[in-house]
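Trainee: Before we go through this model, I would like to ask how each label is earned, so that every value is set against its rule.
Mentor: Then let us look at it together and take the labels one by one.

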Amino acid sequence: MITMIVGEIANFAAYAFAPAILVTPLGALSIIISAALAHIILRERLHIFGILGCVLCVVGSTTIVLHAPQEREIESVSEVWDLAMEPAFLFYAAMVITATFILIFHFIPLYGQTHIMVYIGVCSLVGSLTVMSVKALGIVIKLTLSGMNQLIYPQTWAFTLVVLVCVLTQMNYLNKALDTFNTAVVSPIYYVMFTTFTIVASVIMFKDWDRQSPTQVITEICGFVTILSGTFLLHKTKDMADGLQTSLSIRLPKHSEEDGFDGGEGIPLRRQESMRLP
């Protein structure tokens, strides 16, 4: 718990010094470290596809770091507020809030227990607003510590309120998703959607790509896709067994019947049943 708190504080601080388009995708590095520590400490075997997934995450992260935009110079929280009040971001925020309410009040009662995208959609949409507000608070703290007190501005407390509401909503529906569906399925889908919406929100609000050439933008997108590929590969194969007998003994995950695959090797259920026959 202590290391988790320290990690979240460091992640919070990162948003004050670097653009969200750089910080958020680099969250995939925690997946690599977790896989490596599980291999060393818990004796969980890291298979060749898991190693390949880690390599893809490193390559994608390096690509993004080398081509990420420079952090925008901001002198006060009022500047961040002005960026948030521009028509483009207001339209994005309105669309996110509207979509979130539709998902919560219409789709969750009908499809929440059977469609994984409903819960994760709420978490990802709200999460993009969370990151923008967290970045604003990070800038507030950085400027305040440097001698320019930002706590006297009402915009600071408005961003704080947004963070509290969004974080509570995000945690609530993410926990529901984890309670209902298998973690190995929830984690990669949530990472992909959350990171995608966060990048879109950052590009709209802070205009990260306006200061870059088309080549840099395309390279960043390629790096992001590489990270997504590595994350998917690592999660998809992390429970892969060494042999057929071990894989047949693996317990099927919740709602595995939806996609017709088992939770271990991704073997179609019909095919696996035929392999049990003498």
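Trainee: Why does W81 count as partly exposed?
Mentor: The relative accessibility of W81 is 28%, and the scale calls a residue buried under 20% relative accessible area, exposed over 50% and partly exposed in between, with a 1.4 Å probe and protein chains only; W81 therefore counts as partly exposed. Keep in mind that this is a predicted model, in which local features need pLDDT of at least 70 and side-chain atom pairs count only at pLDDT 80 or more, while totals for chains, interfaces and linings use all residues. Residues are numbered from 1 along each chain as its sequence is written, and side-chain values use heavy atoms, with hydrogens and water left out.

Trainee: What makes W81 and F159 an aromatic pair that is edge-to-face?
Mentor: The structure holds 6 aromatic pairs, and in the one formed by W81 and F159 the centres are 5.5 Å apart with 75 degrees between the planes. Rings of Phe, Tyr and Trp (its six-membered ring) pair if their centres lie within 6.5 Å, and planes under 30 degrees apart count as stacked, over 60 as edge-to-face and the rest as tilted, so the W81 and F159 pair is edge-to-face. The pair links distant parts of the chain, since W81 belongs to helix 5 (residues 77-84) and F159 to helix 8 (residues 154-180), 78 residues apart; helices here are DSSP runs of H or I with at least four residues, numbered from the N terminus.

Trainee: Is F159 buried or exposed?
Mentor: F159 has 6% relative accessibility and therefore counts as buried. V77, placed in helix 5, is also buried, with a relative accessible area of 1%, and the C-alpha atoms of V77 and F159 are separated by 9.6 Å although the two are 82 residues apart along the chain.

Trainee: Why is the pair of F101 and F105 called stacked?
Mentor: The ring centres of F101 and F105 are 5.8 Å apart and the planes stand at 5 degrees, so this pair is stacked. F101 and F105 are 4 residues apart in helix 6 (residues 87-111), which means that about one helical turn separates them. Their accessibility labels are not shared: F101 counts as partly exposed at 48%, whereas F105, with a relative accessible area of 61%, is exposed.

Trainee: How do you know that C57 is too far from C54 for a bond?
Mentor: A disulfide is a pair of cysteine sulfur atoms within 2.5 Å, and the sulfur of C57 is 6.4 Å from the closest cysteine sulfur, that of C54, so the distance is too far for a bond. By this rule the count comes to 0 disulfides. Both cysteines are buried: C54 has a relative accessible area of 10%, and C57 stands at 0%.

Trainee: Why does the span of helix 9 agree with what is expected?
Mentor: The expected span is 1.5 Å times one less than the number of residues, so the 24 residues of helix 9 (residues 183-206) should span 34 Å, and the end C-alpha atoms are 33 Å apart, which agrees. Just after helix 9 comes K207, which has a positive phi of about 55 degrees although it is not a glycine. K207 lies in the loop between helix 9 and helix 10 (214-237), and at 23% relative accessibility K207 counts as partly exposed.

Trainee: Where does K135 lie with respect to F206?
Mentor: K135 lies over the face of F206, at 5.4 Å from the ring centre; the rule asks for NZ of Lys or CZ of Arg within 6 Å of the ring centre and within 35 degrees of the ring normal.

Trainee: Which helix gives the largest share of the lining of the largest pocket?
Mentor: Helix 9 does, with 7 residues. The lining has 33 residues, of which E8, N11, S30, Y190 and F194 lie nearest the centre of the pocket. A pocket is an open set of points on a 1 Å grid over the protein atoms alone, with protein on both sides within 12 Å along at least five of seven lines, and lining residues have an atom within 4 Å of a point.

Terms used:
Helix = DSSP H or I, 4+ residues; strand = E, 2+ residues; numbered from the N terminus. 1 Å grid on protein atoms, 1.4 Å probe; cavity = no way out; pocket = protein on both sides within 12 Å on 5 of 7 lines; lining within 4 Å.
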